[in-house]
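Biologist: I'm new to this one. Could you take a close look at a single part for me, and tell me how far I can trust what I see?

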Amino acid sequence: MRPAAFLAAAVSLTIATSAVAAEKLSYVTSGGVYLENIKKAFLEPIGKKLDIEWTIETADNDTQVRVQVASGNVTYDIVEFGASQCALGASQGLYEKLDYSIINNTDLAPGSFSDYYVGSTVFSIVIAWNTKTAGANPPQSWADFWNTEKFPGTRSLRKTARGMLEAALMADGVPPEKVYPIDLDRAIASLRKIKPKIKAWWLSGAESQQFVKEGGIDMIGAFNARMDSVASDGAPITYTFNQGILDFGCWAIVKGSKKGDLSMRVLAEFVKAEYQAEMSRLSNYGAANTKILDTGKISPELAKRLPTAPDNLKRQIFANPEWWVQNGAKAIERFDQFMAE
Amino acid sequence: MSDEASSAGAIEGADNVNVRPLALVARRERLLMIGLFSPAFLLMATFVVLPIAWLFYLSFVDNAQFSTVHYSRMIEYSSYYKILLTTLRISIIVTVICAIAGYPVAYLLAQLAPPWSIICLSLVVIPFWTSLLVRTYAWLVLLSSNGPINSFVEWLSITDKPLELVFNETGTVIGMVHVMLPFFILPLYSVIKSFDWSLIQAASSLGAPPISAFARVFLPLSLPGLVAGAVLVFVQSLGFFVTPAVLGGGNVTMVSMKIASNVQNYFEWGASSAFGVVLLISAFGVLAIAARMLGLERTFGMTR
């Protein structure tokens, strides 16, 4: 009933890594299987190394961060969100400035870090389909996804402006390299064409999985690793990286965190290839660190399936956080307007 | 005569003697009432009135200055108006369905004898103890196009296409009615439970057939419970978030969802609180119209 209960779904868990005098540090990220992998790849080994007792909370958006910074009662330390949220928060003064004399950014992909945040995982909104109902003639581009006559079946998209505006433009024939700056009118007009055919719009990653498993959805624009995860559970789902919209997760330290120094040292560990490689191995997400293949943790088969594999990279576009920071408010208002039509 | 006069005078005198102590008692009683009342008053003032005043204030602030930008935005984008209408419409539909479905249940509950009344009452209350999310997702499975309800309908071969029961307003209303029914049934039940059944016997003895005894005696006397339940359901429905978000499948946007979207989208709280203010005023408006139609005193359950 309350937004906080649903979106933040704030379930506090504590992992005791050491019985004596471990320092407490809070970590906030989205929940589900993603959190489980983050725990195994980052929190457990780094907690042991730096003697940290984690306080984990889950949130899909930065509302709580805003509340804490505005009230001056900051209990969060390190948060992980999507890149546009980090970039927007940074422009609004929600995060501490990062110290790159402590955090080594030499191996990080260009564009995956800024003065206020640093990249974690790389993921992509891809075109996925049910191999039983749509496998004979699967959509291979957003134009195919929009073409309901040639490619019949029920569809689902994400209920966010971000990603969907890009997809709508490509569906309307805009070449991938010309998607930015986004032509809002054209994107909304294109979305209007597909809207009557969208059976359901998903909000959380877990919902997208639920839709393809039990919701009777034949085609969906969803996060690649979420689809890998339902496929490994036995659901007849596969996807293409064609015209996938790449985005990345990012870590930031909340402004006014009482553990700023420790958080900085933790981020210095987070960006290292060994941990990021482990995360990719567990989750099928790509990593901001470009040297993960050198760790030997990633099998050649998996390397080919990561959204950051060279063959996949060239078929996708990168979401542009800069554009979203500058135009996000207007774009989201227009998208909400479109959804209420 | 003089006797009478003197005795009357004595009574008057006694009156005068009692005036001061009686006034004292009355004052003490008034103080006691204020004392008893003040914790509730303070609680409401601190946790309801002040926050609402603060919400109202924030809706006029942008960049730390007075501004009506959050209200003009609602005029600029017609989505706000549509979302408000959707919210009011869904809330009214849910309230009406709860009333139609809940009234017979409350009536039956009040008629049952102890073992059964307790069993049935707990059946009404049990959903309270189940997580809202679990119930909502359960409906998602039940109502989906290949879910059990549609399989049953197909087996009956009523329709050749599965019914569109979810990812729309229908699904949202079904889920919300399920959540809200106990809020309607319980206040109505408590009113019906205290109903004096000899009034029905009196009506019958005066020649009223059962239907008019019900319509002209029972129904009017149960109205305070019905209205209390309806107001409770309506007001709570206005703030629903999870149920429309999940069962609406993105095709249903209610005010609270737009408020959440604005919290993330704008740095200013006013962008969200302004819509909250508009919802609050519209809710009062709807209740005022309902009060006018039903008679004000009944709406607030003040008649017997």
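**A close look at chain B**

Modeller: Let's start inside chain B: 32% of its 304 residues count as buried, meaning that 20 or more other C-beta atoms, placed from the backbone, lie within 10 Å of the residue's own (12 or fewer is exposed, in between is partly exposed). Bear in mind that this is a predicted model, where local features need pLDDT of at least 70 and side-chain atom pairs count only at 80 or more, while totals for chains, interfaces and linings use all residues. Residues are numbered from 1 along each chain as its sequence is written, with chains lettered from A and ligands numbered from 1 in written order.

Chain B has 13 helices and 2 strands (DSSP runs: H or I, at least four residues, for helices; E, at least two, for strands). Its radius of gyration is 27 Å, well over the 19 Å the globule rule gives for 304 residues, so chain B is more spread out than a compact globule. That radius is taken over C-alpha atoms, and the rule is 2.2 Å times the number of residues to the power 0.38. The C-alpha trace of chain B spans about 100 × 65 × 35 Å along its principal axes.

Now, contacts: two residues touch if their C-beta atoms lie within 7 Å. Among contacts in chain B with a separation of 6 or more, 75% join residues 24 or more positions apart. Where the chains meet, 29 residues come from chain B and 25 from chain A. On the chain A side, α14(A) gives the largest share, 6 residues.

As for trust, pLDDT is the predictor's confidence in each residue, from 0 to 100. Chain A averages 89, with 94% of residues scoring at least 70, but over residues 1–19 of chain A it is below 50. Where pLDDT is low, don't read the predicted coordinates in detail.
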